[in-house]
Structure formats: structure tokens, C-alpha cells
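Notebook open, coffee poured. I want to go through this one piece by piece and jot down what I look up.

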Amino acid sequence: MEDYSKYTTVDRGFEIVILNSDGKKERYKSKFLKTGENFYLISIPKYRDKVALLSARQNINLYLYTPEGIYNLKCVVLEVYEKYYKISFAKSSERVQRREYVRVNLRVPVKVTVDSGRTYDAVTTNFSARGCGFYCKDDISANDKISVTFKIGGKPIQTFANVVSSKPVSFGSTNGYAIALNFTSVTQSNIDLIVKECFMYQARQRLAMLDKAYDE
């Protein structure tokens with residue numbers, strides 16, 4: 001079983017997913033209030049003006065957004081109280097996202113150098129350990145040899161890349177190309193660094209959205 005215990009501390013927020021009477025998923029924000037020997041106390045799950053009404057012995061799914069990925073904990077409601085719920089430790093758990101393929105809308109300044117001598121400064125529209133996307137005023141051919149330089153977590157990283165796609169687009173009053181690159185020479189240590197940064201960004205974005213909905 002995955003070790004996620006450091007992400008179940010008091011006041012740590014998470015997403016809870018339950019099935020309604022129609023069999024559809026409903027998502028709510030909650031947080032841990034206390035950890036016992038084999039149980040958690042959690043706040044009443046809420047999303048905007050809607051509150052999740054749980055019942056004893058109900059199965060629920062908790063999603064923890066962390067720098068290591070998204071953990072899915074399958075728990076059971078043990079007891080129901082006016083201001084909180086008592087739930088079991090996870091009966092099972094898993095990370096629900098493959099680390100190297102997580103792609104987020106992270107804006108990272110990059111310098112792209114083409115073997116023809118052209119150099120472009122851009123900001124990514126999406127980013128992962130496998131590659132990135134960005135807008136460019138010129139087309140870049142799939143046959144071009146490309147070098148990409150950027151910083152992640154304050155560390156400079158340089159890698160070679162291949163063009164996956166290049167599509168004509170308009171942004172504002174300017175015409176250009178949406179370029180997608182596949183990194184080809186990133187070291188494993190740098191992959192780990194990029195993945196961690198992507199997961200941290202994902203966690204911040206998701207929890208910020210849930211916090212906003214919870215407080216409305």
C-alpha cells in the first residue's frame with residue numbers, strides 16, 4: 001500500500017467523491033480534523049452551498065493532491081456526527097496518475113534553439129517530464145534538431161527535443177504556430193524534478209479551486 005500518511009495531517013485539505021442516487025459522481029472539499037489509531041475525523045464535505053450527507057457504512061473515495069501525485073483512498077464512513085464524520089483508514093489506496101505523463105498548464109520560460117541557428121524565447125502553454133507546448137512565430141520542422149533550455153525549481157535544465165506537431169494558430173493579432181515538443185535527453189534526476197514541480201502545481205491549482213468553492 002502507498003505511504004501517504006504525511007498528507008493526512010490535521011487541516012490538510014482533500015477532495016471527496018461519492019456516488020449520488022443516480023449513480024453520478026459528486027465532488028466535495030473536506031479536511032482532516034484528527035487521526036486516530038485506525039480512523040480519521042473529517043470536516044463536513046462541502047462544495048459551494050451544497051453539503052454532502054453521508055451515512056454510516058457508506059463507501060467513499062478520498063483524493064489527496066500531493067507533490068508525489070494524486071492518491072485515491074477508498075474509505076468507509078464509520079460514524080456520523082453533527083459537525084464531522086468518522087471514517088476508516090483506507091481499505092485500499094493507489095496513485096491514480098502515471099508520474100512521467102502528468103501534463104499541466106505550467107508556464108515556464110524556455111529558450112528553443114534550432115540547428116539552423118534560429119533561437120526563440122517562449123513561455124510554455126503546457127509542461128510535463130516528457131515534453132512541452134509553446135507558441136512560436138515561425139514553423140519548426142519535424143526534421144529540425146532542437147535544443148531546449150529552461151529552469152525548474154531553480155535548476156537549469158537542457159535537453160534535446162523532437163517536434164511532435166506544429167499547427168498554424170492566431171493569438172491576438174499575430175499569426176504563428178502552436179508547437180509541441182517531445183524531450184529526448186532528460187536525465188532521470190531531472191525527470192523526477194520536473195514531475196515533482198508538475199504535481200505541486202497541480203495540487204496548488206486543484207486545492208485553490210476547492211478552497212474557493214468551499215468558502216463560497
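Where is Arg130 found? I find Arg130 in the loop between E11 and E12; helices (H or I, at least four residues) and strands (E, at least two) are DSSP runs, numbered from the N terminus. I note that Arg130 counts as partly exposed because its relative accessibility is 34%. My cut-offs: buried means under 20% relative accessible area, exposed over 50%, partly exposed in between (1.4 Å probe, protein chains only). I also checked Arg130 against Gly69: they are 61 residues apart in sequence and 16 Å apart in space, C-alpha to C-alpha.

**Ground rules and confidence**

I remind myself that this is a predicted model, where local features need pLDDT of at least 70, side-chain atom pairs count only at pLDDT 80 or more, and totals for chains, interfaces and linings use all residues. Residues are numbered from 1 along each chain as its sequence is written, and side-chain values use heavy atoms, with hydrogens and water left out.

The protein chain averages a pLDDT (the predictor's confidence in each residue, from 0 to 100) of 87. I read that 94% of the residues score at least 70. Where is confidence lowest, and where is it highest? The low end is helix H1 (residues 188-215), with a mean of 79, and the high end is strand E3 (residues 39-43), at 96.

**Cores**

Next I looked up the nonpolar cores. My rule for a core is a set of buried Ala, Val, Leu, Ile, Met, Phe, Trp, Tyr and Cys residues joined through side-chain atoms within 4.5 Å. The largest has 32 residues, and those with the most contacts inside it are Phe127, Phe134, Ile140, Phe150, Leu181 and Ile194. Which elements give two or more residues to this core? I list strands E10 (109-114), E11 (119-127), E12 (131-136), E13 (146-152), E14 (155-171) and E15 (174-183), plus H1. The largest share, six residues, comes from H1. I add from my confidence entry that H1 is also where confidence is lowest.

I picked Phe150 for a closer look. Not counting residues up to four places away in sequence, Phe150 touches Val108, Pro109, Val110, Phe127, Lys155, Pro156, Ile157, Thr159, Phe183 and Ile194; contact here means heavy atoms within 4.5 Å. There is a second, separate core of 22 residues, and I see Tyr40, Ile44, Leu54 and Tyr85 among them.

**Ser30**

Is Ser30 buried or exposed? Ser30 counts as buried, because its relative accessibility is 1%. I place Ser30 in strand E2 (residues 25-35). Its side chain reaches the backbone oxygen of Ser43 at 2.8 Å. Leaving aside neighbours within four places in sequence, I have Ser30 in contact with Arg12, Gly13, Phe14, Ile42, Ser43 and Pro45.

**Cysteines**

I count zero disulfides (a disulfide being a pair of cysteine sulfur atoms within 2.5 Å) in the structure. Why does Cys136 have no bond? The closest cysteine sulfur, in Cys132, is 11 Å from the sulfur of Cys136, so it is too far for a bond. For Cys198 I get the closest cysteine sulfur in Cys132 too, at 11 Å, too far for a bond. Cys136 is buried, with a relative accessible area of 3%, and Cys198 counts as buried at 0%.

**Salt bridges**

How many salt bridges does the count come to? I get six, taking a salt bridge as a side-chain nitrogen of Lys or Arg within 4 Å of a carboxyl oxygen of Asp or Glu. I wrote up three pairs.

- Arg27 forms a salt bridge with Glu15, the closest N and O atoms being 3.5 Å apart. Arg27 lies in strand E2 and Glu15 in strand E1 (residues 13-19), so the pair ties together parts twelve residues apart in sequence. I have Arg27 as partly exposed at 39% and Glu15 as buried at 0%.
- Glu26 pairs with Lys50 in a salt bridge, closest N and O atoms 3.0 Å apart. Since Glu26 is in strand E2 and Lys50 in strand E5 (residues 50-51), the pair ties together parts 24 residues apart in sequence. Glu26 is buried at 17%, while Lys50 counts as partly exposed at 41%.
- Asp121 and Lys111 meet through their side chains in a salt bridge (2.9 Å, N to O). Asp121 lies in strand E11 and Lys111 in strand E10, so this pair ties together parts ten residues apart in sequence. I have Asp121 as exposed at 62% and Lys111 as partly exposed at 37%.

Definitions and conventions:
A polar contact is a pair of N or O atoms within 3.5 Å; within protein, one must be able to donate a hydrogen and the other to accept it, and residues adjacent in sequence count only if both atoms are side-chain atoms.
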